[in-house]
Amino acid sequence: MDFALTEDQTGLKAAARTYLEDTYGLDRIAALADDGEQDLAAWPELVRQGWLDADLGLAEFVLLAEEGGRALHPVPWFATAGLALPVYRAAGVEPPGPATLADGSDTCRAARRDDGWRLDGAVQAVLHADVATEILVAARTPAGVALFGVAPAAASLSARDGVDPLRATSDIALAGAEGRLLIGPTAAASLLTAIRGRATTLLAGEAIGVADRALAIAVEHAKARTQFDRPIGSFQAVSQQLADGYAEVELARSLAYRAAGAATAEAVACAAHAASRAAITVCETAIQVCGGMGVTWEFPLHRWFRRALWLEAELASGPLEAIAHSLFGEHS
């Protein structure tokens with residue numbers, strides 16, 4: 001399989017990086033993160049630029065996720081494109097704006113009433129529920145799991161503390177909340193399975209962007225910082241760490257692009273494991289290379305490390321078990 005990017009994909013990636021670098025400098029990211037805010041005013045521009053276009057495949061979404069991780073893109077794009085968009089596409093409707101998915105397959109119930117569907121139950125740690133224009137809820141009906149659109153005003157939201165202020169989550173509680181049926185029981189279960197694989201692949205791409213940016217920050221520091229009248233990057237102890245980090249990033253990138261091209265369970269699991277590991281280890285290496293400055297609040301590295309920790313938690317469940325199963329089958 002050829003993992004090289006096409007001309008269109010290369011152009012998409014370059015355009016995304018240019019837009020993000022021009023729009024989100026370090027100071028702006030710091031201000032939004034310190035306030036725990038999302039740049040919702042940028043949403044119409046993302047739509048105009050085609051970040052949700054129907055002709056984008058999984059590979060293109062992974063490239064956008066990678067650039068988003070590199071910039072710590074402060075909009076709820078992943079929650080919308082990775083979680084909610086497949087539901088809207090399957091239902092044949094356009095997203096009303098930023099949206100998210102709450103998987104209440106085991107904790108929420110939906111009942112048909114004269115005036116429509118009503119949902120009861122709770123879902124924990126729903127990403128960007130606080131800024132979503134609609135929350136898509138997977139709830140169990142008498143015929144099986146179905147997917148419903150719920151207005152945020154119809155749900156009770158409780159914010160949760162998290163390691164990354166740009167990735168806010170909330171617990172939601174539903175008590176007779178009105179829901180519009182989007183996907184019925186015949187298709188919802190298989191769609192949810194596909195969404196989980198898609199979301200994992202996009203997060204792997206994002207983790208690569210996080211690692212790549214942390215590595216770039218460390219390399220720039222190693223070029224500029226001098227000891228004994230030499231850049232510290234010229235010392236083997238530093239250059240070898242950065243070279244190892246580069247190798248980790250490129251390995252993870254290859255596996256993520258492979259998963260985007262052939263999203264088998266094994267490919268997705270390998271990408272998730274390699275990318276989450278690269279994000280953590282490269283951020284740790286970058287902090288070490290930058291020394292005491294690397295752990296200060298004013299220096300930006302901790303923001304990428306926070307995202308790496310968030311990604312590690314999101315990607316921790318399952319990849320090693322899936323890899324073991326692909327190797328050993330039922331004996332794993």
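What share of the 332 residues of the chain counts as buried? The figure is 51%. Keep in mind that this is a predicted model.

Now the fold. The chain has ten helices and nine strands. Its radius of gyration is 21 Å, and the globule rule gives 20 Å for 332 residues, so the chain is as compact as a globular protein of that length. Along the principal axes, the C-alpha trace spans about 80 × 45 × 35 Å.

Next, contacts. Take those in the chain with a separation of 6 or more. Of these, 73% come from residues 24 or more positions apart.

On to the interior. In soluble globular proteins, nonpolar side chains tend to be buried together. Here the largest nonpolar core has 91 residues. Which residues have the most contacts inside it? They are Tyr-24, Trp-51, Trp-77, Phe-78, Val-87, Leu-147 and Leu-301. Helix H6, residues 185–224, gives this core its largest share, 17 residues.

Look at Leu-301. Leaving aside residues up to four places away in sequence, Leu-301 touches Ala-214, Ile-217, Ala-286, Ile-287, Cys-290 and Gly-294.

There is another core, apart from the largest one. How many residues does this other core have? It has 19, among them Ala-110, Leu-119, Ala-132 and Phe-148.

Last, the surface and the charges. The chain exposes about 15,200 Å². Carbon and sulfur atoms supply 54% of that area. The chain carries 26 positive and 42 negative charges. The mean positions of the two sets are 1 Å apart.

Technical notes. Residues numbered from 1 in each chain as written. Predicted model: local features only at pLDDT ≥ 70, side-chain atom pairs only at ≥ 80, totals over all residues. Heavy atoms only, no water. Helix = DSSP H or I, 4+ residues; strand = E, 2+ residues; numbered from the N terminus. Rg over C-alpha atoms; globule rule 2.2 N^0.38 Å. Buried < 20%, exposed > 50% of the residue type's maximum accessible area, 1.4 Å probe, protein only. Contact = heavy atoms within 4.5 Å. Areas by Shrake-Rupley, 256 points an atom, 1.4 Å probe, with all protein chains shown as cover. Lys, Arg positive; Asp, Glu negative; His and termini not counted. Charge placed at Lys NZ, Arg CZ, Asp CG, Glu CD. Core = buried A, V, L, I, M, F, W, Y, C linked by side-chain atoms within 4.5 Å.
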